[in-house]
Amino acid sequence: MGHILIQNITKEYVNRRRRPRNGEDNTRDEVLTVLDNVNLEFQDGEMVCILGPSGCGKSTLLRMIAGFDTPSSGQILIDGRQVTAPSADIIFVFQHNGLLPWMTVWENVELGLRNMQDEEEKSAQIQEFINMVELAGFENHYPSQLSGGMQRRAELARALAVNPEMLIMDEPFNGLDFLTHMKMREEVVNMHEFIAKTTLMVTHDIDDALVMGDRIVVMGDRPTQVKLVRKLEMGRPRNLDRDPELAALRDELFFMLGVSYAV
Ligand SMILES: Nc1ncnc2c1ncn2[C@@H]1O[C@H](COP(=O)(O)OP(=O)(O)OP(=O)(O)O)[C@@H](O)[C@H]1O
Ligand SMILES: [Mg+2]
């Protein structure tokens, strides 16, 4: 489970121009080609980090994999089955502010386990996930009573509880301070090692991709094609300053994303 095949995906958005009032219509709808014949394959259990310029279609691609949007042509297969609609059991989408504000940390995590019958076992599991993300003592807090980093950790605990076939994260570390970002990176790597589920993460941070990814995908400018797919063979934890191979790849990625001074 957790194999994703993206075949010849093209995505166009039609932006309707406003019609003039007098009825004469010299305007045409504008077609924006976002993704242009994209082919990708993700293996079961892989952690894939996706980089690319703003507006190139990364979120669009994730939305289509999760079934919230449909390609204009081509198809997406998950374990051989075409994606046609969202499926909460298969994919957990990790979002900013994904917690329900009127529920406590405990209740938010419990949501992921609502199919579990045995109350005692359920409580033990909830506590285990909360402990795992180091939120013990905050079970009865509401999201608004937590810091940004704690909220993300609570979301991670919920993702663990849902135990989906795959995890999709769209810039999950946005807005976190530097240290919390570093810690969350570690948490996600640990979680990925623990659950061993296919994880797709869009990030603007090249170091996230280098530290976390089993594979890195770089997308180009619109109309977007895949510019690079690179498998990272080195184990973790990874040290960007001490591993010359990673340092070289870092320069290459910066260059590819249009930042040449770093090279
Ligand atoms: N529903 C929509 N209708 C029309 N155009 C859209 C729609 N959603 C996205 N787009 C356009 O598609 C392009 C890609 O958007 P998308 O959000 O996928 O980019 P992105 O790579 O995630 O960018 P960022 O890094 O800034 O988040 C953009 O030009 C955007 O304007
Ligand atoms: Mg986006």
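Across the interface of domain 1 and domain 2, 3 residue pairs are in polar contact, with both residues at pLDDT 80 or more. A polar contact is a pair of N or O atoms within 3.5 Å; within protein, one must be able to donate a hydrogen and the other to accept it, and residues adjacent in sequence count only if both atoms are side-chain atoms. This is a predicted model, where local features need pLDDT of at least 70, side-chain atom pairs count only at pLDDT 80 or more, and totals for chains, interfaces and linings use all residues. Residues are numbered from 1 along each chain as its sequence is written, and side-chain values use heavy atoms, leaving out hydrogens and water.

**The two domains**
- Domain 1 covers 4-90 + 164-256 and domain 2 covers 98-163, with bounds from an automatic or database domain assignment.
- Their centres, taken over C-alpha atoms, are 27 Å apart.

**Where they meet**
- In domain 1, 17 residues are in contact with 11 residues of domain 2 (heavy atoms within 4.5 Å).
- The two domains bury about 1,100 Å² between them, 68% of it on carbon and sulfur atoms; this is the accessible area (1.4 Å probe) that two parts lose on being put together, summed over both.
- Pro-164, Met-184 and Glu-187 lose the most area on the domain 1 side, together 39% of what that side buries.

**What domain 1 brings**
- Strand 7 (166-170) and helix 5 (178-195) each supply at least two residues of the side touching domain 2; both are DSSP runs numbered from the N terminus (helices: H or I, at least four residues; strands: E, at least two).
- Helix 5 gives the largest share of that side, 7 residues.

How values were computed: Chains lettered and ligands numbered in written order.
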